[in-house]
Amino acid sequence: MTDSDNSWFHCGRCGSLFPSAPGEVEERLCTSCGCNPSLGIEQMPGPHTLQQRVELEEAAARHIQRKKHPKRRGKRNFLVLKIAVAWILLLAAIVFGARLIWKPETTEPPNFVDANAPEPVPAEDLELLDAATQDCMRTLSGFLTASSPEERSQFVLDPIETAARMAQFYAQNPLESIDAATLGIVGRSVLHFPGARGIEVQCKSADGRFLDAAFREQRGEWRLDWDHFARYSDFPWPLFLAGSGADTGEFRLLARERLADERKSAPTISLVLYAPKFGYAKEAGFASPEFLVDRASADGRMLEAAFQLARANERPFDNRLPRMDPDGMIRIRAKIRRIEKDGRRHYEIERVAACHWYSEKVPGVDPAGAAEVE
């Protein structure tokens, strides 16, 4: 049997094309896999030329190769990409819609005045601070770096009168060593004294100490108010309480009212007086026994006015700097007497000279009946 007597058939088992006689349906076997190809596949029509058979064989081979190594189709990948893009667009629409729904109203702020807000600094005070702060710091640096009392006296107010008190004070109190180059300004304010203006500067040193220094202009120079800076007292407070020194002296102290709420209806003010600690404004030093001051007296009214000013977080002479003292305490300058009788010792306040530490004669507060002190 020649090739021209055969026909070509498709094997339903392996997918190949094979030649066979047209009439041998039941006995027909695939020449490639040897199995019966009959799976409902009909005979391919007509005889074929040699070229046609070759083409059919090549097509059958390609068909088998595709089945062994199926080509990946991108339809599924495109579907996943479309789903991802759709989700992103949906989420973006949700977020944008939420921002439109919950967008805060852009209404104008109410026109009101904060009662606790500090008043603006007057322009003339700003001009003075800008013009004089550098000179004040130069004065403070010169004082701190001076190596002798004579040299230090060149930088203080009233140097002739102050020199003797400086010598006496530093003979009884250690001279604090501060590196002026490490001082940094943390605040400054103009002080409105009667008939004149001064400047106070708050500084912090590299070792954490806080200093407040006041300056007054004198003979064309800004000089240090040394009494305020050194917290000058006639005698060290602990030694005075222990019975040393003269029985009367003037002291710069911190005052605290005892049982202020419980005793607000009492005829006297109960005070405890503390020595200040240089460089550590929030700490109080040695404490005194109790002092009783008549509320109706000039001293009592002055103290009441000073405590009221402190509770309002204000300071004398329109000082705008924050208070550096321990909570509930005020600064006073007072003349105090030590009395020893029958082997017992007690103390009394002869006069409250001022409710500040500046070398200024006025008390700094203005209660009714409080007069200017000498």
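**View 1. Arg331 and Asp325 pair up through their side chains in a salt bridge, 2.8 Å from N to O.** This is a predicted model, as are all the views below. Both partners are tucked away: Arg331 is buried, and so is Asp325. The pair doesn't stand alone, since bridges with shared partners join Asp212, Arg231, Arg323, Asp325 and Arg331 into one network. Across the structure there are 22 salt bridges.

**View 2. Asp125 and Arg197 make a salt bridge, with 3.1 Å between the closest N and O atoms.** Here distant parts of the chain get linked: Asp125 comes from helix H3 and Arg197 from strand S4 (residues 196-204), 72 residues apart. Asp125 counts as buried at 4% relative accessibility, while Arg197 counts as partly exposed at 33%.

**View 3. Arg258 reaches Glu290 in a salt bridge, closest N and O atoms 2.9 Å apart.** Arg258 sits in the loop between strands S7 (248-257) and S8 (268-276), and Glu290 in the loop between strands S9 (284-287) and S10 (291-294), so the bridge ties together parts 32 residues apart in sequence. Arg258 is partly exposed, at 27% relative accessibility, and Glu290 is partly exposed too, at 41%.

**View 4. Asp225 is a buried acid with no salt bridge.** You'll find Asp225 in the loop between strand S6 (221-224) and H6. Its nearest side chain of opposite charge, Arg216, is 5.7 Å away, and a salt bridge would need nitrogen and oxygen within 4 Å. What the Asp225 side chain does have is a polar contact with the side chain of Ser359, at 2.8 Å. Leaving out residues up to four places away in sequence, Asp225 touches Leu157, Ala214, Phe215, Tyr358 and Ser359.

**View 5. Phe143 and Phe229 meet edge-to-face, one of 15 aromatic pairs in the structure.** The ring centres are 5.9 Å apart, with 85° between the planes. Phe143 belongs to helix H3 (residues 123-145) and Phe229 to helix H6 (residues 226-230), so to speak a link between distant parts of the chain, 86 residues apart. Both rings are buried, Phe143 at 2% relative accessible area and Phe229 at 3%.

**View 6. Trp237 and Phe240 stack, 5.9 Å centre to centre with 20° between the planes.** Both lie in helix H7 (residues 237-241), three residues apart, or about one turn of the helix. Trp237 and Phe240 are both buried. Ring pairs extend the picture to a cluster of Trp237, Phe240, Phe251, Phe291 and Tyr347. Over the ring of Phe240 sits the charged end of Arg338, 4.8 Å from the ring centre.

Terms used:
Residues numbered from 1 in each chain as written. Predicted model: local features only at pLDDT ≥ 70, side-chain atom pairs only at ≥ 80, totals over all residues. Heavy atoms only, no water. Phe/Tyr/Trp six-rings, centres within 6.5 Å; stacked < 30°, edge-to-face > 60°. Helix = DSSP H or I, 4+ residues; strand = E, 2+ residues; numbered from the N terminus. Buried < 20%, exposed > 50% of the residue type's maximum accessible area, 1.4 Å probe, protein only. Lys NZ or Arg CZ within 6 Å of the ring centre and 35° of its normal. Lys, Arg positive; Asp, Glu negative; His and termini not counted. Polar contact = N/O pair within 3.5 Å; in protein donor to acceptor, adjacent residues only side chain to side chain. Contact = heavy atoms within 4.5 Å.
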